[in-house]
Amino acid sequence: MGKLTKNQKLAAEKIEAGKAYSLKEAAQLVKDVTFTKFDASLDIDVRLGVDPRKSNQMVRGTVSLPHGTGKQVRVLVLCTPEAEAAAKEAGADYVGLDEYIEKIKGGWLDIDVVITMPAVMGKIGALARILGPRGLMPNPKSGTVTVDVAKAVKEVKQGKIDFKVDKAGIVHTSIGKVSFTPEQIRDNAKEFIATIIKLKPTAAKGTYIKSIYLSSTMSPGVKVDPKSVDEN
């Protein structure tokens, strides 16, 4: 193993190996052990007691974070002409249909979220092989296929995110930036965890929330005691 950098040593001194911190402590600690010169993303990893290979134990959903994600989310709306004005007014960065389908086929993907309507899903299906692997394919379950595209745009811009448990039984997502206050980090984490708990599959047995970690883009993970999430 290579030598630890100065910042890695400082982080190691602040985090006690094997200790599970309260959410309140972890929200402050993850800021203390981040030394990047840029405003790093703040991530949460929740390991669940589910078997994602079984369809009745899949955990997938959306959550509106109280303080948003801190990111500028670039939204593309693929819709019929009569819905374009409302989508633009709601804050969509790109609005159209055929011209953007062709741009995506040509390799253009400078977007974070794609929102569309049921009426044009027949055309969008041709993009599945391009958008699917990048997590950009619109889906009714995540609210990105809807007749009310303006509402969907507003929700995404205000901090609505979608998430899905991976093959290892872990839900991983970004819930803010290191520049957030500890209180904002905590609020967003609590909302995210509460949503996951609501989505607990009836087929899941034993301990549901196995572990929780907070980390930033380049920081070590800070273990969170699941029992502390409901503490004030």
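## A tour from helix 8 outward

Select helix 8 (residues 182–198): this helix lies across strand 1, strand 7 and strand 8, and runs at about 155° to strand 7. Contact here means heavy atoms within 4.5 Å. Angles run from 0 to 180 degrees between N-to-C directions, with axes as lines fitted to C-alpha atoms, for helices over the stretch in contact. Helices (H or I, at least four residues) and strands (E, at least two) are DSSP runs, numbered from the N terminus.

The model is predicted: local features need pLDDT of at least 70, side-chain atom pairs count only at pLDDT 80 or more, and totals for chains, interfaces and linings use all residues. Residues are numbered from 1 along each chain as its sequence is written, and side-chain values use heavy atoms, with hydrogens and water left out.

**Stop 1: Thr195.** Stay on helix 8, where Thr195 is found. Is Thr195 buried or exposed? Thr195 is buried, with a relative accessible area of 12%; buried means under 20%, exposed over 50%, and partly exposed in between (1.4 Å probe, protein chains only). Leaving aside residues up to four places away in sequence, Thr195 touches Thr62, Val63 and Phe163.

**Stop 2: strands 2 and 6.** Select residues 60–64, which are strand 2. Gly61 and Val63 make up the covered face of strand 2, while Arg60, Thr62 and Ser64 make up the uncovered one. In a regular strand the side chains alternate between the two faces of the sheet. Add residues 160–164, strand 6, which runs antiparallel to strand 2 and is joined to it by five bridges. Two strands count as paired if DSSP finds at least two bridges between them. To check the register, pick Arg60: its bridge partner in strand 6 is Lys164.

**Stop 3: the four-stranded sheet.** Now show strands 7, 1, 8 and 9, which form an open sheet in the order 7-1-8-9 with antiparallel pairing. Strand 7 (170–177) and strand 9 (222–224) stand at the edges and have a single partner strand each, so one side of each is left without a neighbour in the sheet. On average, neighbouring strands of this sheet are turned by 25° against each other, direction ignored. Inside the sheet, select strand 1 (residues 41–48) and strand 8 (residues 209–216), joined by seven bridges. Leu42 has Ser216 of strand 8 as its bridge partner. Then add helix 2 (residues 23–32), which lies across strand 1, strand 8 and strand 9 at about 25° to strand 8.

**Stop 4: the three-stranded sheet.** Move to strands 4, 3 and 5, an open sheet in the order 4-3-5 with parallel pairing. Strand 4 (94–96) and strand 5 (113–116) are at its edges, each with a single partner strand, so one side of each is left without a neighbour in the sheet. Neighbouring strands here are turned by 15° against each other on average, direction ignored. Strand 3 (residues 75–78) pairs with strand 5 over four bridges, and Leu78 stands opposite Thr116 in strand 5. Helix 4 (residues 98–105) packs on this sheet, touching strand 3 and strand 4, and its direction makes about 115° with that of strand 4. Helix 7 (residues 149–157) also packs on the sheet, touching strand 3 and strand 5, with its direction at about 160° to that of strand 5.

**Last stop: the whole chain.** Zoom out to the protein chain, which has eight helices and nine strands. Its C-alpha trace spans about 55 × 45 × 40 Å along its principal axes. Of its 232 residues, 46% count as buried.
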